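Here is a short report for a reader who is new to this structure. Please look over the sequence and the model before reading on.

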Amino acid sequence: MRKTLGEHAAKHTAGHVERCAWAGYAVVAPVFATVSDVGPHRVWGWVAGAGYAVAAFLTPGSGPRRAARAVAVLGAAVVPLVCLVAAGLGQLEVAVVERSGRLLLTTGNPYVPAPTAVADFNPYLPGMALFGMLPGDPRWWLGGAFVAALAGAGLHRAPLLACPLVALPLAVGGTDLPVAGLMCLGVSLAGRGRPGRAGLALGAAAALKWTAWPALPVALALIAVRRGRRPALRCVAVGVSTATAAVLPFALAAPSAFHRNVVAFPLGLTATASPAASPLPGRLLASHVPGGAVIALVLLSVGALLLALSLALRPPGTVRAAGARLALGLGLATALMPATRFGYLVCPLVLGALAYQPAGRGTADIPPVPSVPSEKAAIA
């Protein structure tokens, strides 16, 4: 009886928290639409706000909340996506990915040789151009890859998909989504004792954006703790080989264009300023402090060094611990990059969800390989 009452109270509390979340999003989304000067953002804000409001109304105090969650996903992600694609509206990233795909098909290189305007730059690694080569709007493929990767990692949960930091880029065009999904999948596979598959997933993510590269040492540390050195090295070898095969030919074919687009522009080192201008510490340093860009890069390097030291001194032993460590590292990187925006926080958010995911198919670690006792110990 006590257990039943406790479970009912827990469900009632969870329902109340979820209703408050949808209600809060229902306020935040229209406010975002009001203050944003980007057309697709305004469309998303008003449509998503209505979806969140209906979801808050439908959320029960206890019991199944599937209907409310489905409405939240439809209203915050699916309906705005369909409307924006039909109207031909999207963030600049959509046009950049489409152009990179066309350039790859026609010239063999996804980068403009001498970019000048913001729209000329392509700050993504060559793998991202594949989404621009596929038929239709790239958002279908970007979002599809993200959802498929989350499903493989056991994170296909409606509350995560309906969260504004996820739903907004799903609708308007977010290139960080497949990167975040593949990182989650790679870490999950690493914890499940699949070093080769984990390396493929992480290598694919690393072929899309630089932000995925920190996932490789985290997976290395996780597998080394649970399975040993050889499987860990296998994972990293597969991941680095996959990413290198996708990136190196283009870096060697046009090194100047590659450096301008993929290195200098994201770091704020070009004459053309990146539109990524959220008031995070790295951006504020670069904008308002003499030599602030260099200071931000130094702090970014220090953060990377501290993450590396933490992996060496206290490596993660579970999928949740690895997800939390990677989320922390990417969160610090997002805060300290000279050119950054709030949307980049989707990667630490999704990896944080992996860290706090209840035990299940995606986060359940296989038991570590027991160490083989020495001959002397066996005799003793």
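## Helix H9 and its surroundings

Helix H9 covers residues 176-191, which makes 16 residues; at 1.5 Å a residue they should span 22 Å, and the end C-alpha atoms are 23 Å apart, which agrees. The expected span is 1.5 Å times one less than the number of residues in the helix. Helices (H or I, at least four residues) and strands (E, at least two) are DSSP runs, numbered from the N terminus.

The model is predicted: local features need pLDDT of at least 70, side-chain atom pairs count only at pLDDT 80 or more, and totals for chains, interfaces and linings use all residues. Residues are numbered from 1 along each chain as its sequence is written, and side-chain values use heavy atoms, with hydrogens and water left out.

H9 is largely enclosed by the rest of the structure, because 16 of its 16 residues are buried. Buried means under 20% relative accessible area, exposed means over 50%, and partly exposed lies in between (1.4 Å probe, protein chains only). After H9 comes Gly193, with a positive phi near 75°.

Helix H8 (residues 164-172) is mostly covered too, with 8 of its 9 residues buried. Among them are Pro164, Val166, Leu168 and Leu170. Gly173 follows H8, and its phi is positive, near 115°.

## The chain as a whole

What is the chain built from, helices or strands? The secondary structure comes to 18 helices and 0 strands. The chain has 380 residues, and 46% of them count as buried. Contact means heavy atoms within 4.5 Å. Take the contacts in the chain with a separation of 6 or more: residues 24 or more positions apart account for 73% of them.

## Two residues in their helices

Ala129 lies in helix H5 (residues 129-133). Its relative accessibility is 1%, so Ala129 counts as buried. Which residues does Ala129 contact, leaving aside its neighbours within four places in sequence? They are Ser100, Gly101, Leu104 and Pro110. Val96 is 33 residues from Ala129 along the chain, and the two C-alpha atoms are separated by 8.9 Å.

Val147 lies in helix H6 (residues 138-153). Val147 is partly exposed, with a relative accessible area of 35%. Gly181 is 34 residues away along the chain, yet the C-alpha atoms of Val147 and Gly181 are separated by 7.2 Å.

## Salt bridges

A salt bridge is a side-chain nitrogen of Lys or Arg within 4 Å of a carboxyl oxygen of Asp or Glu. How many salt bridges does a search of the whole structure find? It finds 4. The table lists some of them.

| Acidic partner | Basic partner | Closest N to O |
|---|---|---|
| Glu18 | Arg65 | 3.3 Å |
| Asp137 | Arg139 | 2.9 Å |
| Asp176 | Lys209 | 2.8 Å |

Asp176 lies in helix H9, and Lys209 lies in the loop between helix H10 (195-206) and helix H11 (215-226), so the pair ties together parts that are 33 residues apart in sequence. Asp176 and Lys209 are both buried. Salt bridges that share partners join Glu18, Arg65 and Arg69 into one network.

The side chains of Glu18 and Arg65 meet in a salt bridge. The pair links distant parts of the chain, 47 residues apart: Glu18 is in helix H1, and Arg65 is in the loop between helix H2 (39-58) and helix H3 (66-87). Both residues are buried.

Arg139 and Asp137 form another pair. Arg139 is buried, at 4% relative accessible area. Asp137 is buried as well, at 13%.

## The second largest pocket

On a 1 Å grid over the protein atoms alone, a pocket is an open set of points where a 1.4 Å probe fits, with protein on both sides within 12 Å along at least five of seven lines; lining residues have an atom within 4 Å of a point. The second largest pocket holds about 200 Å³ of space. Helix H1 (2-35) and helix H7 (158-162) are the elements that give two or more residues to its lining. H1 gives the largest share, 4 residues. Glu18 is one of the lining residues, which also include Trp22, Tyr25, Pro159 and Leu349. By class, the lining has 7 nonpolar, no polar and 1 charged residues. Here Ala, Val, Leu, Ile, Met, Phe, Trp, Tyr, Cys and Pro count as nonpolar, Asp, Glu, Lys and Arg as charged, and the others, Gly among them, as polar. The volume is the space filled by probe spheres set on the grid points, which are joined across faces, edges and corners.
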